[in-house]
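Subject: Handing over the structure

Hi,

Here is the structure I promised to pass on to you. Please have it open while you read the notes below.

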Amino acid sequence: MSFTVIIPARLASTRLPNKPLADLGGKPMIVRVAERAMQSGAARVIVATDHADIFAACAQNNVAVQMTRTDHPSGTDRIAEVAAALGLSDDAVIVNVQGDEPLIDPSLIAATATLISREVPMATAAHTIDDIADAFNPNVVKVVLDKSGRALYFSRATIPWHRDGFAQGREQLPTAYAPLRHIGLYAYRNAFLQAYPQLAVSPLEQIEALEQLRVLWHGVPIAVHVTPHAPAAGVDTPEDLLRVRRYFTQ
């Protein structure tokens with residue numbers, strides 16, 4: 001399947017200012033992310049940004065980049081603008097790779113893209129949780145699937161709730177209990193991506209602070225690729241940045 005990767009990138013970050021431009025082994029983080037995406041087999045990889053410094057960093061490193069408006073409420077809206085400007089067809093597949101994932105697995109990008117069809121215009125990824133602390137951590141988003149591998153619900157709560165297992169205690173995961181952690185990687189059929197900004201915000205989305213619940217609330221299916229391995233963590237904190245810098249300087 002042919003697909004395009006669009007990487008939204010903004011300089012604003014409360015925990016790590018100027019994060020996309022952070023140096024990782026001699027190249028800005030946003031460039032490292034684009035280089036990983038290029039290994040996925042994507043027909044095109046392009047950075048979508050509203051800041052001249054990010055534009056310049058990409059251009060200096062031969063990474064395709066396009067300026068966008070500054071008033072987008074989310075990265076999804078930003079990539080929709082770029083996809084429209086590229087003149088992509090309704091059936092084109094676009095993958096949204098976050099700009100703070102310099103260690104993202106290229107095969108995960110490709111696998112998520114392959115799930116898109118006219119019947120299922122959005123896809124994402126997940127992996128099995130094997131740590132009891134993650135199962136109860138509200139910052140770890142969980143997803144439950146139907147028999148076809150489509151999302152039934154996303155939540156910060158522990159879902160599905162193992163009634164009998166947790167009645168015995170919460171020190172370890174119950175036997176044969178395999179909750180799924182959501183991975184923040186998204187693929188879209190372009191026709192749906194262009195319609196997404198017009199979808200009304202859902203009450204579930206507001207309660208959980210999870211944007212993808214808007215899609216389910218409107219009755220749009222989301223396919224989920226389940227990978228056997230947890231992906232490398234992204235960069236959210238100064239500690240994360242140090243960890244990733246060590247990787248690129250080995």
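What follows is a short tour of the interior, the aromatic rings, the surface and the charged pairs.

Before you start, please keep in mind that this is a predicted model.

**The interior**

A good place to begin is the largest nonpolar core, which has 41 residues. The members that touch the most others are Phe3, Val5, Ile7, Val47, Val95, Val97 and Ile109. Helix α1, residues 29-38, supplies the largest share of this core, with 6 residues. There is also a second, separate core of 28 residues, and Ile6, Ala48, Leu213 and Ile222 are among its members.

If you would like one residue to click on in the largest core, try Val47. Leaving out residues up to four places away in sequence, Val47 touches Ile7, Ala9, Ile30, Ile54, Cys58, Val63, Ala64, Val65 and Gln66.

Next, have a look at Thr4, which sits in strand β1, residues 3-9. Is Thr4 buried or exposed? Its relative accessible area is 8%, and because anything under 20% counts as buried, Thr4 is buried. With residues up to four places away in sequence set aside, Thr4 touches Arg44, Leu88, Val93, Ile94 and Val95.

Val215 is another one to find, this time in helix α9. Its relative accessibility is 0%, so Val215 counts as buried. Beyond its neighbours within four places in sequence, Val215 is in contact with Met122, Phe192, Tyr196, Val220 and Ile222. You can also check its spacing to Ser202: the two residues are 13 apart along the chain, and their C-alpha atoms are separated by 8.6 Å.

**The aromatic rings**

How many aromatic pairs does a search of the whole structure find? The search finds 7. One of them joins Phe136 and Trp161, whose ring centres are 6.1 Å apart. Their planes meet at 85°, so the pair is edge-to-face. Phe136 belongs to helix α5 (residues 132-136), while Trp161 lies in the loop between β9 (151-155) and α6 (163-167), so the pair ties together parts that are 25 residues apart in sequence. Phe136 counts as partly exposed at 29% relative accessibility, and Trp161 counts as partly exposed at 42%. These two residues also belong to one aromatic cluster, formed by Phe136, Trp161, Phe166 and Tyr177.

**A patch on the surface**

On the outside, look for Leu204, Ile207 and Trp217, which make a nonpolar surface patch of about 330 Å². Trp217 is found in helix α9, residues 213-217, and is partly exposed, with a relative accessible area of 43%.

**The charged pairs**

A search of the whole structure finds 12 salt bridges. Here are three of them to look at.

Lys19 forms a salt bridge with Asp236, with the closest N and O atoms 3.8 Å apart. This pair links distant parts of the chain, 217 residues apart: Lys19 is in the loop between β1 and β2 (23-24), and Asp236 is in the loop between β11 (222-227) and α10 (238-248). Lys19 is buried, with a relative accessible area of 13%, whereas Asp236 counts as partly exposed at 32%. Lys19, Asp100 and Asp236 are linked in a network of salt bridges.

Asp91 pairs with Arg118 in a salt bridge, and here the closest N and O atoms are 2.7 Å apart. Asp91 lies in the loop between α3 (75-85) and β6 (93-96), and Arg118 in the loop between α4 (106-113) and β7 (122-128), so the pair ties together parts that are 27 residues apart in sequence. Asp91 counts as partly exposed at 35% relative accessibility, while Arg118 is exposed, with a relative accessible area of 61%.

In the last of the three, the side chains of Asp134 and Arg181 meet at 3.9 Å, N to O. Asp134 is in helix α5 and Arg181 is in strand β10 (residues 180-189), 47 residues apart, and the pair links distant parts of the chain. Asp134 counts as partly exposed at 22% relative accessibility, and Arg181 counts as partly exposed at 28%.

Enjoy looking around!

Best wishes

Terms used: Residues numbered from 1 in each chain as written. Predicted model: local features only at pLDDT ≥ 70, side-chain atom pairs only at ≥ 80, totals over all residues. Heavy atoms only, no water. Core = buried A, V, L, I, M, F, W, Y, C linked by side-chain atoms within 4.5 Å. Buried < 20%, exposed > 50% of the residue type's maximum accessible area, 1.4 Å probe, protein only. Helix = DSSP H or I, 4+ residues; strand = E, 2+ residues; numbered from the N terminus. Contact = heavy atoms within 4.5 Å. Phe/Tyr/Trp six-rings, centres within 6.5 Å; stacked < 30°, edge-to-face > 60°. Patch = residues over 30% accessible without salt bridge, like charges linked within 9 Å, V, L, I, M, F, W, Y side chains within 5 Å. Areas by Shrake-Rupley, 256 points an atom, 1.4 Å probe, with all protein chains shown as cover. Salt bridge = Lys/Arg side-chain N within 4 Å of Asp/Glu carboxyl O.
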